[in-house]
Every structure is written in C-alpha cells, then in structure tokens.
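Let's walk through this one together, starting with the ligand and then working outward to the fold. Keep the viewer open as you read.

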Amino acid sequence: MMSDLQLPDGFTLLTYDHIDSTNEEAKRLAVDHAPHGTIIFAKSQKQGHGRRGRTWVSEPGNLFCSIILKPDCPLGEASQLSFVMAVSVANALDQISVGAIKSQCKWPNDVLIDGKKVSGILLETIQHQNQQLDGIIAGVGINVMHHPSEKEFRATSLIAEGVNEVTAESVLESLSDHFARWYAIWRTEGFQTIRYAWLDKAFGVGDTVKVQLASSTYSGVFESLDPNGAMILNEDGNRRHIAAGDVYFDQATLENAV
Ligand code: BTN
C-alpha cells in the first residue's frame, strides 16, 4: 500500500499493516527489482528479527522499517551503512524530543537513551553468486511506545523517556530526512565524516568493555573506531580491531550514562 507520509526526494514508501518482517519483504522486493530508496514500513511484524538470529519483539506502536539501498560500492564498504543509519536514528530522536533526550550510538549498531537500548539496526546484503553486491537492506526498529523487559540488554522507549506526542510515522519522517542527508554525505565525502559524526555521539568510548564474538570474548578499553568502523580494543597495550560482536559495559558505565 502506498502512503502519504512526507519523504525526501528519491525515497518511496510502501506501508503494511502486518508483515512477517520488513527486512524479508525488502529482500523479496529487491530481488524483484525494487529501486534504491524503497522504504518498507509495517505497523506490526510477526517474525521481526535482529542480529545473531534474535527475535525482535514487534508490537504495534513501535517503528519497523527497512530501506532498500543500491550503493555503487564494494561489498567491504557496505557495512559502513550501519553507522550512517545509527547517526541518522540518533539525530532523528534528538530532533523529535526537541533536545529533551540525548541519544547515543552504541557500537556496532544500536542507539541508546540513558544507556538503554531504544533502537537496533540490522543490515543484510543481497548478493549474486559472483560476490557482486546487488543491494543492502537497512532494517531499523525503534521503540516508540513499548520496549521489552530484557535482562541481557536494558531497553527503553520514547514514551518511557517522556517523549510524548510521537508516533511511528512521525519518527519515520524524521529518520528518512536525516538518513537522506547522511547517505548523501557518505557518498560524497566517504566514511571519515560518518566516523567522526558517530564518534561524536558514541557511548562508552574510553570505558572498559567486554566484547563477545561467536566463540571468544575479549576485555579491554574501547579506544576508538578504526577507519573501517571496527572497534579498537586496547587490551593492556595490545590493540585489537574487532569487526563485529556484542558489547557489554559494566554496571557503573550504564548507570552513569547521560
Ligand atoms: C538488533 O538490535 O539486533 C537489530 C534489530 C533490527 C530490528 C528491525 S525491525 C525492522 C526490521 N525488520 C526485521 O525483521 N528486523 C529489522
């Protein structure tokens, strides 16, 4: 279904009341030649999913959307889009709350308010057998009205943080504007500008973290982002560059979050 939300030039919106997952629908449409800039927006999802196959609880009232992107770039650069999206989400939330909240970006692709997760981003690639990149799906979930009571990662919603008179639609309009702007900056200036913008909003740089990978866990100080977006973890003077993983901060860092 087409929708009448205001979107920036070059973006088209498809709205669904119910869907399995906006990322899955985006993949189906992308294979069926849907153009760059197609946004799939659903009011609820039955099989919303997150990173590492986790379930993304998808109650009506929250924002679930996925954007089909067809950047002309090698596969190795495509992961930079999660930082483009994280900065866009953070800017959208700051704008919507008129400065009442300060959102922060948690490596690699979450957005937090007061140390609690308000948004998650899931990038998926669409590739032919020859390793050529056919497209990227950037899926975003934002807790507008509800948030799960997870034990592993503390979560929150815009409503719980006192941001009233906000809807999934108004968040999507703002997010689309910020994303269009940051995407254009990424294409013209490259990743370094995005990297600085992300670091400016980063959560926990300089703090001690634990990073869990598929089969190992590392501890150290989160020093910075490297030029490709990998976390630089300082383990007693040894610098390890980590491309992906789950990051855990200690309780004091989370409680002192602003
Ligand atoms: C994460 O934090 O693990 C990423 C969560 C991504 C959830 C969004 S909701 C819209 C889109 N559709 C999905 O099935 N997942 C993403």
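Which helices and strands each supply at least two residues of the shell around the ligand? In this predicted model, the answer is H1, E3, E6 and E7. Of these, E6 gives the largest share, with 4 residues.

Now zoom in on the ligand. It has 20 residues around it, and the closest are Ser21, Gln45, His49, Arg51 and Lys117. Sorted by class, that shell holds 11 polar, 6 nonpolar and 3 charged residues. A few polar contacts are worth clicking on. One ligand oxygen sits 2.6 Å from an N or O atom in the side chain of Lys117. On the nitrogen side, a ligand nitrogen is 2.7 Å from a polar backbone atom of His49, and a ligand nitrogen is 3.1 Å from an N or O atom in the Thr22 side chain. Taken alone, the ligand has 410 Å² of accessible area, and the protein covers 98% of that.

Next, step back to the sheet. It is open and built from 7 strands, ordered E1-E2-E3-E7-E6-E5-E4, with mixed pairing. Strands E1 (12-19) and E4 (103-106) are at the edges with a single partner strand each, so each has one side without a neighbour in the sheet. On average, neighbouring strands are turned by 20 degrees against each other, ignoring direction.

For a closer look at the pairing, take E2 (residues 38-45) and E3 (residues 63-69): they run antiparallel, with 4 bridges between them. Here Ala42 stands opposite Phe64 in E3.

Finally, add the helices. H4 (residues 168-189) packs on the sheet, where it touches E1, E2, E3 and E7, and its direction makes about 30 degrees with that of E3. H1 (residues 22-31) lies across E1, E2, E3, E6 and E7, at about 25 degrees to E3.

Terms used:
Residues are numbered from 1 along each chain as its sequence is written. This is a predicted model: local features need pLDDT of at least 70, side-chain atom pairs count only at pLDDT 80 or more; totals for chains, interfaces and linings use all residues. Side-chain values use heavy atoms; hydrogens and water are left out. Two strands pair if DSSP finds at least two bridges between them. Axes are lines fitted to C-alpha atoms, for helices over the stretch in contact, and angles run from 0 to 180 degrees between N-to-C directions. Contact means heavy atoms within 4.5 Å. A residue is near a molecule or strand if one of its heavy atoms lies within 4 Å of it. A polar contact is a pair of N or O atoms within 3.5 Å; within protein, one must be able to donate a hydrogen and the other to accept it, and residues adjacent in sequence count only if both atoms are side-chain atoms. Accessible areas come from the Shrake-Rupley method with a 1.4 Å probe; for residues, only the protein chains shown count as cover. Ala, Val, Leu, Ile, Met, Phe, Trp, Tyr, Cys and Pro count as nonpolar, Asp, Glu, Lys and Arg as charged, and the others, Gly among them, as polar.
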